[in-house]
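Me: Please take a close look at one part of this model, the helix that begins the chain's numbering of helices. Then lead me on from there to other parts, in short steps.

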Amino acid sequence: MFRELVQTHLKEVDADIRADFSFLVETALQNDRYRTFIACASKEPDNLTLWRNYTGSEVGFAVALDGRKSLLMRRQRPVTEKMIDPLGFLEEEDKQLVRDQAAGVSGQFGWSPAVYFRAEQAKIAWEALRGIEAAALPQTEGTEGTVLENDWLHAFANVAMAFPTFKNTAFKDEAEMRIVCGAAIHADLMYLKHRTGRYGIIPYVELGLPEDPLRDLGDGPEPMGELPILGVAVGPTRYQEEAIVGVKELLRSHGHQTIAVIGSRTPFRS
C-alpha cells in the first residue's frame, strides 16, 4: 500500500528532491524486522475469541496492565569489547558509536491500538510519506542542499513505529493493542534473548520497569521493578470459583492482595 502511494505521488514531488525522496523511502522500508519486537495485548478482558485461540482446553488467565505506563527493554548483559571486535569495524569512531548507543537508556515504549481499516492505514501511511518528503527538502539556514539528520531519523521512526500496528480487518474483534520497540543496530546485543518455537530459534526482548535505568550493568540482567498490573481475569472453566481463589492466593503470597481478580462471564462448554 505504501509503495502504491509513493508511485502515485512521485510525479508530484519536486524534481530537485525526487532522487533524495526515493532514496529515503527505500531506506525507511528497509527496517530490519529481526530487530523489531512487538508485544501484543487486547483492550477486551473477556473475549471468547482470545480465550479459544490462546488457552484451548486449559484455564486461561488474562493479566491487565496499566496501559498509561510505558515500558523499557531490559538490559541482559553489557556490551563488551569481545562483542564489538567481531563486528568488523575498522574505524575507532564506529566502535565508539556502538559503545555510546549501548551506554544510553532504552527508549520508553507505549501502547498503541492496532489499525485494522484500510482507510485509516492509508491516512497514516500518507502522513509518513509526507514526513519523508519534508525530510528530503533542502534546509535553508546554513545547510542549503543538505538533509538534516534529525529530520530523516524522525521520518524513519514514524515508519518503523506505525506500520507494525497495521493488521488485517478480519482480526478487528481482537481489539489489539501493541508495543513496537527495537534497539539500535549492534546495541541490540545488550537486550536480546532467544527461545525455541515452532519455526526455529526466535529472538526476543523482555519489557518492564527497571529499578534504575541509569545504573551500570553488572554481569547479570538488570534488576526490574514490579509490572503495573491492575487485575487478572480468569477464563471460562467449570471450576471458576476455585480458579479465582487460586489466583488470589498466588497474588497474596507475593504481597499483591489488592489486585482485582474477576471471572469470565462467558459460559463454560465442555
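Reply: Start with three words: buried means under 20% relative accessible area, exposed means over 50%, and partly exposed lies in between (1.4 Å probe, protein chains only). This is a predicted model, where local features need pLDDT of at least 70, side-chain atom pairs count only at pLDDT 80 or more, and totals for chains, interfaces and linings use all residues. Residues are numbered from 1 along each chain as its sequence is written, and side-chain values use heavy atoms, with hydrogens and water left out.

Helices and strands are DSSP runs, numbered from the N terminus: helices are H or I with at least four residues, strands are E with at least two. Helix α1 covers residues 2–10. Its buried residues are Phe2, Val6, His9 and Leu10. They span an arc of only 105 degrees around the axis, which puts them on the same side of α1. That arc is taken from the directions that run from the helix axis to the C-beta atoms. Now turn the helix over. The face pointing away from the buried side carries Glu4, Gln7 and Thr8, which are exposed.

Next, the sheet. Two strands pair if DSSP finds at least two bridges between them. Strands of a sheet pair through backbone hydrogen bonds, either parallel or antiparallel. Here three strands form an open sheet in the order β1-β5-β4, with antiparallel pairing. β1 (37–42) and β4 (112–113) stand at the edges with a single partner strand each, so one side of each has no neighbour in the sheet. β1 pairs with β5 (residues 176–181) over six bridges, in the antiparallel sense. Look for Ala41: it stands opposite Met177 in β5.

Now the cysteines. A disulfide is a pair of cysteine sulfur atoms within 2.5 Å. By this rule the count is zero. Cys40 is in no disulfide, and the nearest cysteine sulfur, that of Cys181, lies 11 Å away. Cys181 is likewise in no disulfide, with the sulfur of Cys40 as its nearest, at 11 Å. Their surroundings can be set side by side. Cys40 is exposed, at 51% relative accessible area. Cys181 counts as buried, at 2%.

Another buried residue sits in a helix. Ala136 belongs to α6 (residues 118–136), and its relative accessibility is 2%. Its C-alpha atom is 8.5 Å from that of Asp151, 15 residues apart along the chain.

Then the hollows. On a 1 Å grid over the protein atoms alone, a cavity is a set of points where a 1.4 Å probe fits but cannot get out, while a pocket is an open set with protein on both sides within 12 Å along at least five of seven lines; lining residues have an atom within 4 Å of a point. Grid points are joined across faces, edges and corners, and a volume is the space filled by probe spheres set on the points.

The second largest pocket has a volume of about 1,200 Å³. Its lining holds 34 residues, and Gln101, Leu153, Ala183, Ala184 and Ile185 lie nearest its centre. The elements giving two or more residues to this lining are α2 (18–28), α5 (92–103) and α7 (149–162). α7 gives the largest share, seven residues.

A search of the whole structure finds one cavity of 30 Å³ or more. The largest cavity has a volume of about 30 Å³. Its lining consists of Leu72, Met73, Arg75, Val105, Ser106, Pro210, Pro213 and Glu222.
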